[in-house]
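Please consult the sequence and the three-dimensional structure together while reading this explanation. The text proceeds from the whole chain to its individual parts.

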Amino acid sequence: MKVILNRVNQDYLFEVKNQNGHKVVLDNISKKEGKVAGVSPMELLLVALAGCSSIDILAILKKQKINPTNLRVEVEGQREPDQVPSLFHKIDVVVHIAGEIPPEKAKRAVSLSLEKYCSVAKTLEYSSQIFHSIFLNGNEI
């Protein structure tokens with residue numbers, strides 16, 4: 001696994017490309033001047049957690065012949081204020097799943113992902129508490 005970062009302008013804008021040519025634009029969201037034109041590295045950690053857990057959740061459910069009609073994950077991180085480095089200390093993950101899914105199977109898929117399989121969650125757990133809630137067809141379970 002390898003990524004390459006290139007500076008795009010004379011400010012903090014960067015483009016990161018993976019080995020398959022897919023790109024992400026990074027920027028410093030706390031800069032005092034200029035327009036923010038990309039996501040921050042810390043936001044990318046939250047993106048990575050959402051993506052990793054979503055892939056796991058779908059894989060776990062698909063093995064049981066369950067295919068959700070929709071999956072949306074919201075991730076919010078709280079960082080240590082006025083600290084350098086400012087690490088995430090608490091992360092809330094809200095999983096919204098839709099479809100004909102038994103509630104216990106939805107709960108198990110999310111728990112297995114965040115507590116066992118998701119490499120991003122397992123990496124972040126050393127500095128952050130990760131909490132999760134699940135909504136199945138609009139109702140919290």
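The paragraphs below treat the overall arrangement, the helices, selected residues, the backbone and a pocket.

The structure is a predicted model. It contains three helices and seven strands, and from the N terminus these elements follow one another in the order β-β-β-α-β-β-α-α-β-β. Taken along the principal axes, the C-alpha atoms fill a box of roughly 50 × 35 × 25 Å. The protein has 141 residues, of which 32% count as buried. Its exposed area is about 9400 Å², and carbon and sulfur atoms supply 52% of that area. Among contacts with a separation of 6 or more, 47% are made by residues 24 or more positions apart.

The helix α1 comprises residues 41-63. Its end C-alpha atoms are 33 Å apart, in agreement with the 33 Å that its 23 residues should span at 1.5 Å a residue. The buried residues of α1 are Leu46, Leu49, Ala50, Cys52, Ser53, Ser54, Asp56, Ile57, Ile60 and Leu61. These buried residues pack against β4 (70-79), β5, α2 and α3.

Ser54 illustrates this packing at the level of one residue. It is a member of helix α1. Ser54 counts as buried because its relative accessibility is 17%, under the 20% cut-off. Apart from neighbours within four places in sequence, Ser54 is in contact with Leu71 and Val73. By comparison along the chain, Ser54 and Val36 are 18 residues apart, and their C-alpha atoms are separated by 27 Å.

Just ahead of this helix, Ser40 is found in the loop between β3 and α1. Is Ser40 buried or exposed? With a relative accessible area of 6%, Ser40 is buried. When residues up to four places away in sequence are not counted, Ser40 touches Leu26, Asp27 and Ile29.

Helix α2 covers residues 103-117, 15 residues in total. From its first C-alpha to its last, α2 reaches 20 Å, close to the 21 Å expected at 1.5 Å a residue. Its buried residues are Ala106, Ala109, Val110, Leu112, Ser113 and Leu114. What covers these buried residues of α2? The cover includes α1, β5 (88-98), α3 and β6 (129-136).

Helix α3, residues 119-124, contains Lys122. Lys122 counts as partly exposed because its relative accessibility is 30%, a value between the limits of 20% and 50%. Leaving aside neighbours within four places in sequence, Lys122 is in contact with Glu115 and Lys116. Lys122 and Ile55 are 67 residues apart in sequence, and the distance between their C-alpha atoms is 15 Å.

The backbone geometry also deserves attention. Most residues other than glycine have a negative phi, and most peptide bonds are trans. Against that background, Lys65 has a positive phi near 65° although it is a residue other than glycine. Lys65 comes just after α1, in the loop between α1 and β4. With a relative accessible area of 78%, Lys65 is exposed. Asn137, likewise not a glycine, has a positive phi of about 55°. The place of Asn137 is the loop between β6 and β7 (139-140), and Asn137 is partly exposed, with a relative accessible area of 45%. A further feature concerns a peptide bond: Val84 and Pro85 are joined in the cis form, with omega about 0°. Pro85 belongs to the loop between β4 and β5.

The last subject is open space in the model. Rolling a probe the size of a water molecule over the atoms shows where empty space is left. How much space lies in the largest pocket? The volume there is about 360 Å³. The elements giving two or more residues to the lining of this pocket are β2 (14-18) and β3 (23-26). The lining consists of 13 residues, of which Met1, Val3, Val16, Asn18 and Val24 lie nearest the pocket centre. By character, the lining residues divide into six nonpolar, four polar and three charged.

Key
Residues are numbered from 1 along each chain as its sequence is written. This is a predicted model: local features need pLDDT of at least 70, side-chain atom pairs count only at pLDDT 80 or more; totals for chains, interfaces and linings use all residues. Side-chain values use heavy atoms; hydrogens and water are left out. On a 1 Å grid over the protein atoms alone, a cavity is a set of points where a 1.4 Å probe fits but cannot get out, and a pocket is an open set with protein on both sides within 12 Å along at least five of seven lines; lining residues have an atom within 4 Å of a point. Grid points are joined across faces, edges and corners, and a volume is the space filled by probe spheres set on the points. Helices (H or I, at least four residues) and strands (E, at least two) are DSSP runs, numbered from the N terminus. Ala, Val, Leu, Ile, Met, Phe, Trp, Tyr, Cys and Pro count as nonpolar, Asp, Glu, Lys and Arg as charged, and the others, Gly among them, as polar. Buried means under 20% relative accessible area, exposed over 50%, partly exposed in between (1.4 Å probe, protein chains only). Contact means heavy atoms within 4.5 Å. Accessible areas come from the Shrake-Rupley method with a 1.4 Å probe; for residues, only the protein chains shown count as cover. The expected span of a helix is 1.5 Å times one less than its number of residues.
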